[in-house]
Amino acid sequence: APRIRRGEASRDEIWDPIRKRFVSLTPEEWVRQHLINYLIIDRHVPASHIGVECAIRVNGMPRRCDVVVFNKLGNPLLLVECKAPAIPVTQEVFDQVARYNLTVGSPYLMVTNGYTHVVSQIDHHTRSWRFLPLLPLYPDMC
């Protein structure tokens, strides 16, 4: 169960097991924490292989990836963009994570708002991609 507490200025905070600290419980953070739980429990991703708000540069501009899953060699395996539940998962949102991936080079992309989840697999050699009905288990992605 998620650990939630009343923080400063009477704002709710949720424990982030990856960053190992309480963070402000925004709608987007609620989605991110559920996703992290899903990755660890259901997809068997080692917590030590998950990065949160990883800094990258896109066209020279600093950006942050919501969640990145790394393989055993430390290379990006999955890039995830989390949106608040009220934000629909649109082509524009998917394009955002695809632009980030031009820098990151991950073979898997995911966009979620907690209700709608879009997963795709990219073959960088053939420059092709396909949508998947479900995110594969971590060992199957590696």
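1. In this predicted model, Arg 5 is placed over the face of Phe 22, 4.0 Å from the centre of the ring. A second arrangement of this kind involves Arg 3, which lies over the face of Trp 15 at 4.7 Å from the ring centre.

2. On the nonpolar interior: the largest nonpolar core comprises 21 residues. Leu 39, Ile 50, Val 69 and Leu 78 are the members with the most contacts inside this core. At least two core residues come from each of the following elements: helices α1 (27-41) and α3 (138-141), and strands β4 (50-58), β5 (61-70), β6 (76-82) and β7 (108-112). A second core, separate from the largest one, has 14 residues, including Cys 65, Val 68, Leu 79 and Ile 122.

3. Ile 50 deserves a separate entry. Setting aside residues up to four places away in sequence, Ile 50 touches Ile 18, Leu 39, Ile 40, Val 45, Val 67, Val 68 and Val 69. Two of these partners, Leu 39 and Val 69, are themselves listed with Ile 50 among the residues with the most contacts inside the largest core.

4. Val 69 is a residue of strand β5. Its relative accessible area is 0%, so Val 69 counts as buried. Beyond its neighbours within four places in sequence, Val 69 contacts Leu 39, Val 45, His 49, Ile 50, Asn 75, Pro 76, Leu 77, Leu 78 and Tyr 138. By contrast, Glu 8 is 61 residues from Val 69 in sequence and 31 Å from it in space, C-alpha to C-alpha.

5. Turning to the aromatic residues, the structure contains four aromatic pairs. One of them joins Phe 94 and Phe 131 in a tilted arrangement, with 5.6 Å between the ring centres and 50° between the planes. This pair connects distant parts of the chain: Phe 94 belongs to helix α2 (residues 91-104) and Phe 131 to strand β9 (residues 128-132), the two being 37 residues apart.

6. Are the two partners of this pair buried or exposed? Phe 94 has a relative accessibility of 10% and therefore counts as buried, the limit being under 20%. Phe 131, with a relative accessible area of 46%, is partly exposed.

7. Phe 131 also pairs with Trp 129, here edge-to-face, at 4.7 Å centre to centre and with 90° between the planes. Through ring pairs, Phe 94, Trp 129 and Phe 131 are linked into a cluster.

Methods: Residues numbered from 1 in each chain as written. Predicted model: local features only at pLDDT ≥ 70, side-chain atom pairs only at ≥ 80, totals over all residues. Heavy atoms only, no water. Core = buried A, V, L, I, M, F, W, Y, C linked by side-chain atoms within 4.5 Å. Buried < 20%, exposed > 50% of the residue type's maximum accessible area, 1.4 Å probe, protein only. Helix = DSSP H or I, 4+ residues; strand = E, 2+ residues; numbered from the N terminus. Contact = heavy atoms within 4.5 Å. Phe/Tyr/Trp six-rings, centres within 6.5 Å; stacked < 30°, edge-to-face > 60°. Lys NZ or Arg CZ within 6 Å of the ring centre and 35° of its normal.
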